[in-house]
Amino acid sequence: MTGSAPGELAAFLRHLEHERQLSSNTTSAYRRDLERFLRWRAGGAAEPELATTRGHDVRAFVAAEHRRGQGGRSIRRALSALRSFFDWLVREGRLDANPAAGVRAPKAARRLPRTLDADQMGRLLDGDDASDWRASRDQAMFELLYSSGLRLAELVDVDLEDVDLFDGTVTVTGKGRKQRTVPVGRRARDAIRAWLPARALRLPPNAPRDRGPLFVGPRGARLSRRAVQLRLDARGRRRAVDGPVHPHVLRHSFATHVLESSGDLRAVQEMLGHADIGTTQVYTHLDFQHLARVYDGAHPRARRTTRRSDRAGREDEDS
């Protein structure tokens with residue numbers, strides 16, 4: 001292997017950004033994971049020994065990450081970064097074999113995404129909250145998030161020309177810079193129409209009114225992701241929605257509600273922009289949980305079992 005490890009890493013990150021065209025967030029995650037491995041591999045030396053790295057070294061790194069409290073999901077992500085890095089080094093002729101190829105990460109407990117039910121969503125979105133231009137903008141943002149199942153990054157990147165209010169669609173650029181066009185519901189379209197006059201007043205005098213960022217701040221600049229998070233969290237607390245509300249909760253709720261009504265997993269996958277349907281299948285688990293709650297609350301035998309269990313529990317407490 002030739003060249004320094006930091007130099008190899010810098011070249012690999014340029015490959016991710018310019019050739020594979022990964023997002024800046026993904027590239028930054030690769031950088032953090034790989035820099036952590038390189039520091040661990042160096043062990044205090046000036047340069048890590050990548051040329052002599054073997055599978056048992058990668059497994060030792062995984063064990064060290066586990067000991068310091070890293071979860072299975074984080075370790076899997078780091079292993080994925082290592083495999084990609086070493087694969088690239090092999091293709092470039094700088095390494096003979098990929099030492100991370102056969103290394104497995106510990107299994108992580110499957111966490112189901114948090115969602116809001118229809119009543120909570122109505123509490124969050126319904127009602128006249130458009131008392132000023134910020135409230136009008138927020139209403140349009142949150143309605144669009146829930147209506148179309150957008151990611152936060154997709155929402156803030158939406159330009160006015162990406163939205164077709166006549167056809168009821170919005171075109172967004174998702175992960176891997178893949179574009180998709182998804183439906184926009186009536187309430188979201190109405191909220192966007194109500195927001196547009198206030199948006200025009202926020203723009204600088206020489207800025208075009210018919211294009212540019214859909215959601216802007218007080219000086220007409222594109223709204224930041226952090227601003228959206230803070231505004232949504234504040235509305236959730238103001239409207240007494242259970243638990244913290246972040247933008248992905250609206251995306252999860254969109255997917256769950258559409259799947260409950262339609263049962264069309266492929267359509268939900270397409271609307272969410274998931275490359276792998278396995279990612280979308282988590283919502284079938286949420287749907288089953290909903291059905292189980294309905295069954296437990298409605299089935300006569302389920303109700304009697306519950307009452308008998310409750311009675312037995314009370315008798316145990318009394319004894």
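This report describes the helices of a predicted model, then its three-stranded sheet, and ends with one buried threonine.

The model is predicted, and local features are taken only where pLDDT is at least 70, side-chain atom pairs count only at pLDDT 80 or more, and totals for chains, interfaces and linings use all residues. Residues are numbered from 1 along each chain as its sequence is written, and side-chain values use heavy atoms, with hydrogens and water left out.

**Helices**

Helices (H or I, at least four residues) and strands (E, at least two) are DSSP runs, numbered from the N terminus. The table sets the span of three helices from first to last C-alpha beside the expected span, which is 1.5 Å times one less than the number of residues.

| Helix | Number of residues | Span | Expected span |
|---|---|---|---|
| α3 | 13 residues | 18 Å | 18 Å |
| α4 | 20 residues | 28 Å | 28 Å |
| α6 | 16 residues | 22 Å | 22 Å |

In helix α3 (residues 55–67), the buried residues (under 20% relative accessible area with a 1.4 Å probe and protein chains only, where over 50% is exposed and anything in between is partly exposed) are Gly-55, Asp-57, Val-58, Phe-61, Val-62, Ala-64 and Glu-65. The cover over these buried residues includes α2 (24–42) and α4 (72–91), where contact means heavy atoms within 4.5 Å. Just after α3, Gly-69 has a positive phi of about 95°.

Helix α4 has a list of buried residues that includes Ile-75, Leu-79, Leu-82, Phe-85, Phe-86, Trp-88 and Leu-89, and the buried residues of α4 pack against α1 (5–19), α2 and α3. Just after α4 comes Gly-93, with a positive phi of about 75°.

Helix α6 (residues 133–148) is largely enclosed by the rest of the structure, because 14 of its 16 residues are buried. At the start of α6, a side-chain oxygen of Asp-132 lies within 3.2 Å of the backbone nitrogen of Arg-134; a polar contact is a pair of N or O atoms within 3.5 Å, and within protein one must be able to donate a hydrogen and the other to accept it, while residues adjacent in sequence count only if both atoms are side-chain atoms. Just after α6, Gly-149 takes a positive phi of about 65°.

Two packed helices are described by the angle between their axes and the distance between the axes. Helix α6 packs with helix α9 (residues 225–238) at an angle of about 95°, and their axes are 11 Å apart, the axes being lines fitted to C-alpha atoms over the stretch in contact and the angles running from 0 to 180 degrees between N-to-C directions. That angle makes α6 roughly perpendicular to α9, since 65 to 115 degrees counts as roughly perpendicular, under 35 as roughly parallel, over 145 as roughly antiparallel and the rest as oblique. On the α6 side the contact involves residues including Arg-134, Arg-137, Met-141 and Phe-142, and α9 contributes Val-228, Arg-231, Leu-232 and Arg-235.

**The sheet**

Three strands form an open sheet in the order β1-β2-β3 with antiparallel pairing, and two strands pair if DSSP finds at least two bridges between them. The edge strands are β1 and β3, each of which pairs on one side only.

Strand β1 (residues 163–164) is joined to β2 by two bridges, and Val-163 has Val-170 in β2 as its bridge partner. These two strands form a hairpin with four residues between them, and Gly-168 in the turn has a positive phi of about 75°.

Strand β2 (residues 169–173) is joined to β3 by five bridges; Thr-171 of β2 stands opposite Thr-181 in β3, Val-172 opposite Arg-180, and Thr-173 opposite Gln-179. The hairpin of β2 and β3 has five residues between the strands, and Gly-176 takes a positive phi near 70°.

Val-170 and Val-172 make up the covered face of β2, whereas Thr-169, Thr-171 and Thr-173 make up the uncovered one. Side chains also alternate along β3 (residues 179–183), where Arg-180 and Val-182 point to one face and are buried, while Gln-179, Thr-181 and Pro-183 point to the other and are not.

**A buried threonine**

Thr-256 is found in helix α10 (residues 247–262) and is buried, with a relative accessible area of 4%. The side chain of Thr-256 reaches the backbone oxygen of His-252 at 2.8 Å.
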